[in-house]
Amino acid sequence: MAILTIPERATIIPDPEAIQAYLNARGIVFEQWQAQCEFAPEASQDDVLAAYDHALKPYMAAHGYQTADVISVHLQTPNLPEIRAKFLREHTHTEDEVRFFVEGQGYFWFNLGGDEPVFCVKCVSGDLLSVPANVKHWFDLGPVPHVKTIRVFTDAAGWIPHYTDSGVEARYLSAVSV
Ligand SMILES: [Fe+2]
């Protein structure tokens, strides 16, 4: 189950519909998809994409996305400390960062600015989240890195991170334990 946390307001939102409403009101897409067939943990990229084709294809067509792939990060991933550190710094992208969680979990943090408090969305298997282009965010793999996600792109070059160097993420590194 996804969980939305707002540390400064000591608020935790566990209900998927309430999470979706909170995110949609801020221009962030959140959906939940189910696989239309079973697949093994070691299934190929094509098998994973096929299992979600019924949801993925219409979503890509509706938003104009061109390509999709599957990536995994886990404890045996080479260069894990570097990968983790890269995700953990506040950054933006010039296109949406779309992630569908096939397995495992991860924590997307958002810093929308203005009066909006920083908040975190823990995503788990079945959750789709799209970070809009140019929105400040970072991603925490959590205490035990384990995640397999489908990524969706208009142009893979758009996913290059542009770091803000604000250092704001340091305030929240231990803020979420749920
Ligand atoms: Fe990102």
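Is His91 buried or exposed? His91 counts as buried, because its relative accessibility is 5% (buried means under 20% relative accessible area, with a 1.4 Å probe and protein chains only). Glu97 is also buried, with a relative accessible area of 4%.

The model is predicted: local features need pLDDT of at least 70, side-chain atom pairs count only at pLDDT 80 or more, and totals for chains, interfaces and linings use all residues. Residues are numbered from 1 along each chain as its sequence is written, and side-chain values use heavy atoms, without hydrogens and water.

Both residues bind the iron ion. Its protein donors are His91 (NE2), His93 (NE2), Glu97 (OE) and His137 (NE2). They lie 1.9 to 2.2 Å from the ion (donors are N, O and S atoms within 2.8 Å of the metal, or 3.2 Å for Na, K and Ca). Along the chain, the donors are spaced H-x1-H-x3-E-x39-H. Angles among the 4 donor atoms run from 86 to 172°, and the site is irregular. Water is not among the atoms, so sites may look incomplete.

His91 and Glu97 also line the largest cavity. This cavity holds about 160 Å³ of space (a cavity is a set of points on a 1 Å grid where a 1.4 Å probe fits but cannot get out; lining residues have an atom within 4 Å of a point). Other lining residues include Arg99, Phe101 and Trp159. By class, the lining has 8 nonpolar, 2 polar and 2 charged residues. Strand β6 (97-111) is one of the elements supplying at least two lining residues. The largest share, 4 residues, comes from β6 (strands are DSSP runs of E, at least two residues).

Terms used:
Tetrahedral: all angles 85-135°; square planar, octahedral: opposite > 155°, others 65-115°. Buried < 20%, exposed > 50% of the residue type's maximum accessible area, 1.4 Å probe, protein only. 1 Å grid on protein atoms, 1.4 Å probe; cavity = no way out; pocket = protein on both sides within 12 Å on 5 of 7 lines; lining within 4 Å. Points joined across faces, edges and corners; volume = space filled by probe spheres on them. Nonpolar A, V, L, I, M, F, W, Y, C, P; charged D, E, K, R; others polar.
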